[in-house]
Amino acid sequence: MSTESIEKTSANHQVMPANAALSELGHEHGEDNRGESAEPESSPTSLALSPQSGATLTRPSSAQMVWTLASREVRASLNSAITYIVIAASLVVVGLYFFYYKGGFWQVDRATMARMFDALPFALCFLTIPLFTMRSLADEKRVGTIELLITMPVKDSEVILGKFLGAFAMVSLQIALLAAYPLVMFSRAPFWHLGELDWSPFWVGMLGLLLLSMAGTAIGVMWSSFTESQILSYFATMLTLVALYAIGSVTIVEFLQGGVGDAISFVSLQSRFEPFARGLIDSRAVIYFFSLTVLSLAVAFRSLESRKWT
Amino acid sequence: MSTDVMIYANGLSKQYGSFRALDNVSFAVHRGEVVGFLGPNGAGKSTTMRILTCFIAPSSGTAKIRGEDVFDNSLAVRASLGYLPQRAPLYLEMTVYEYLRFAAKVRNIDESLFKSRARSVVEICGLAQSLSKEIRHLSHGYRQRVGLAQALIHDPPILILDEPTSDLDPNEKAEFLNYLKQIGKDRTVLLSTHNLKEVESACARAIIVSRGRVVADGALDTIRAKSGRVRYSVEVQKAAGGTPSREELERALSGIRGVKTVTEHPTDEGAYSYSVDGEEGQDLRADIFRLVSAKGWVLLELHRDTQTLEDVFRQLTIGDERRNRQFGAQAQDAGDDSDGDALDNDDETDDAEQGES
């Protein structure tokens, strides 16, 4: 380190790049570079002195842009320890719940995964979704990176979509990993083979989880766009999702009955998810989840745009 | 001429609640100009730059980059800009290389072009040793280099740099200004800074803002001449017995025709030291010398200070600082805050550099 800083402070540090560090830019270029470095005067001008125009000023397509932003999000998440802690802890807790809570899977004594869908939606609402969405815009605003991002030729809508897809990819990864349980339990050798599982309800349940997570992630991104604080974003998202989920519980709906009960079961994540848990694809629920997603993202978009006016 | 206008601001105003951050700011920057954008903290430099880079919208007024309106055609504007925001906010978890890749992708630069651009940008910004380091492990000076690198990666015709040198050490600053002069030949650069020496070494023109208004705009020489005053330093020996007396000397100096003000400077026991402000276009040195020799005093020093940009800057913007200190507790706090920040920044930089070595 110390030799490096000495080099840096020597006046001509800019004209002696370490070729080793440049190897990432391609070996062939590394070779060229060594030649250039010998002539100190020429190198700083190697960025063409006439500014480019036309071709270089184009933008990638919106899809490509969203992909670039989303994959940056995913890479940032994979770079953070909290991601691994959340995923690992969730898997352990789900496993314990599934096998041991109140007698667990063994007492049911049937080849079914239905039990997994009792508590999972709640766990996603309570922990996974808020954790994977709290960073997205809040942290960019706090650190100020949003300014650099938005002053690149990126549309606000692409930023929101990229953020959403990045977070949704992480939540989906978490959900996909849950499929490891039935695969280990019911597929043939070399794993356990506990019997013939009826796979269709399981996949429908997973689809339901994904749809629910999609809507939840959009709500999380929306809250994240309102604040600079990750903690605030976490709690706002968690409370919103838990409330939306819990109001649909059978006791509440039955207690209220009539119009109010109907209205609640119309908006509740729990009552919308319930058919999926039983292996039914409910088209109204699909439309509901998509509408919730679009609505939340639209609000997030407006909120991001509002920086211009305030 | 009009096609040559790269940055154009007309009547820009920005209102934050009851606070007017910008008040009718207008200027134009032409192709090939490197313009220093000066002003005290909170004068509206960053606000102006944020409007020009489409990050925020003005409350009123228009801004155009290469003839494209920042509001109506913001994507085209942003595509032709390279922007370095204050204190280089970067994604800390990425490596320098990844960050540059990301910036290039967003700007639709393909792989082979990226490699050659990255190579020159890395040379210009001196990042070869840091390419594979995560940005969070870099000192502020290096982060600023990375910020600069991403602003240059697409080789933009217009650069907007918000205090690009604030975290650089003197060597880096010198290199950077040198480079700026080179690329400024056919690019357009708007550069905000507090450091007037930098403006003098890199820019031919400066725009000075104060309290959201443009208070000076023109070639540096024109701005320097703006104060309309010439300052003389005079030092007279204190003879034994304390002659001449302070009052006598002051009265005599003030009595010279053309002298506007006489200010005493603290000095050692043996001499009196004064700054004498006189009108421009009139050399008072001969008069001062004659006065001193006629009285039989001993003149230790007499010279005329050329008016520096700094003097003009202080004259034009002193109101800001006065206002900070004038009012009750609230105004006092604001003044203290800004001082505190300046100190904090220095500390941070030092720490980071120590960590580096």
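In this predicted model, Ser210(B) stands opposite Arg213(B), a residue of strand 10 of chain B. This pair belongs to a hairpin built from strand 9 and strand 10 of chain B, with two residues between the strands. Arg211(B) lies in the turn and has a positive phi of about 50°. The two strands of the hairpin pair in the antiparallel sense, over six bridges. Strand 9 of chain B is mostly covered, since five of its six residues are buried.

Strand 9 of chain B also pairs with strand 3 of chain B. Four bridges join these two strands, and they run parallel. Within this pairing, Phe37(B) has Ile207(B) of strand 9 of chain B as its bridge partner. In general, strands of a sheet pair through backbone hydrogen bonds, either parallel or antiparallel.

These pairings are part of an open sheet in chain B. Six strands form the sheet, in the order 6-7-8-3-9-10, and the pairing is mixed. Strand 6 (81-84) and strand 10 (213-219) of chain B stand at the edges. Each edge strand has a single partner strand, so one side of each is left without a neighbour in the sheet. Neighbouring strands are turned by 15° against each other on average, with direction ignored.

At one edge, strand 6 of chain B runs parallel to strand 7 (residues 158-162) of chain B, and four bridges join them. One pair of bridge partners here is Leu81(B) and Ile158(B), the latter in strand 7 of chain B. A helix packs on this sheet: helix 1 (residues 45-52) of chain B. Helix 1 of chain B touches strand 3 (34-38), strand 7, strand 8 (188-193) and strand 9 (205-210) of chain B. The direction of helix 1 of chain B makes about 145° with that of strand 7 of chain B.

Chain B also has a buried loop residue. Leu131(B) sits in the loop between helix 4 (111-125) and helix 5 (140-152) of chain B. Leu131(B) counts as buried because 23 C-beta neighbours lie inside 10 Å, and the cut-off for this class is 20 or more. Leu131(B) and Tyr16(B) are 115 residues apart along the chain, and their C-alpha atoms are separated by 40 Å.

Chain A is built from other elements. Chain A has 17 helices and zero strands. Of the 310 residues in chain A, 35% are buried. Contacts over long stretches of sequence are frequent in chain A: among contacts between residues at least 6 apart in sequence, 74% join residues at least 24 apart.

Leu212(A) gives an example of a buried residue in this chain. Leu212(A) is placed in helix 12 of chain A. Leu212(A) counts as buried because it has 29 C-beta neighbours inside 10 Å. Leaving out residues up to four places away in sequence, Leu212(A) touches Pro121(A), Leu124(A), Leu269(A), Phe273(A) and Phe289(A). Between Leu212(A) and Cys125(A) there are 9.0 Å in space, C-alpha to C-alpha, although the two are 87 residues apart in sequence.

Two helix pairs of chain A were examined. Two packed helices are described by the angle between their axes and the distance between the axes. The first pair is helix 12 (residues 199-226) and helix 13 (residues 230-246) of chain A. Their axes come within 9 Å and cross at roughly 140°. The two helices are therefore oblique to each other. Helix 12 of chain A passes helix 13 of chain A in a right-handed crossing. On the side of helix 12 of chain A, the contact is made by Gly216(A), Ile219(A), Gly220(A), Trp223(A) and Ser224(A). Helix 13 of chain A contributes Ser233(A), Ala236(A), Thr237(A), Thr240(A) and Leu241(A). Of these contact residues, four are nonpolar, six are polar and none is charged.

The second pair is helix 7 (residues 116-133) and helix 10 (residues 156-178) of chain A. These helices pack at an angle of about 150°, with their axes 9 Å apart. That angle makes helix 7 of chain A roughly antiparallel to helix 10 of chain A, because the limit for this class is over 145 degrees. Helix 7 of chain A passes helix 10 of chain A in a right-handed crossing. Thr128(A), Ile129(A), Phe132(A) and Thr133(A) of helix 7 of chain A meet Ala167(A), Met170(A), Val171(A) and Gln174(A) of helix 10 of chain A. The residues of this contact comprise five nonpolar, three polar and no charged.

Note on methods:
Residues numbered from 1 in each chain as written. Chains lettered and ligands numbered in written order. Predicted model: local features only at pLDDT ≥ 70, side-chain atom pairs only at ≥ 80, totals over all residues. Axes fitted to C-alpha atoms, helices over the stretch in contact; angles between N-to-C directions. Parallel < 35°, antiparallel > 145°, perpendicular 65-115°, else oblique. Left-handed = near helix turned anticlockwise from the far one by under 90°. Contact = placed C-beta atoms within 7 Å. Nonpolar A, V, L, I, M, F, W, Y, C, P; charged D, E, K, R; others polar. Pairing = 2+ DSSP bridges. Buried ≥ 20, exposed ≤ 12 C-beta atoms within 10 Å, placed from the backbone.
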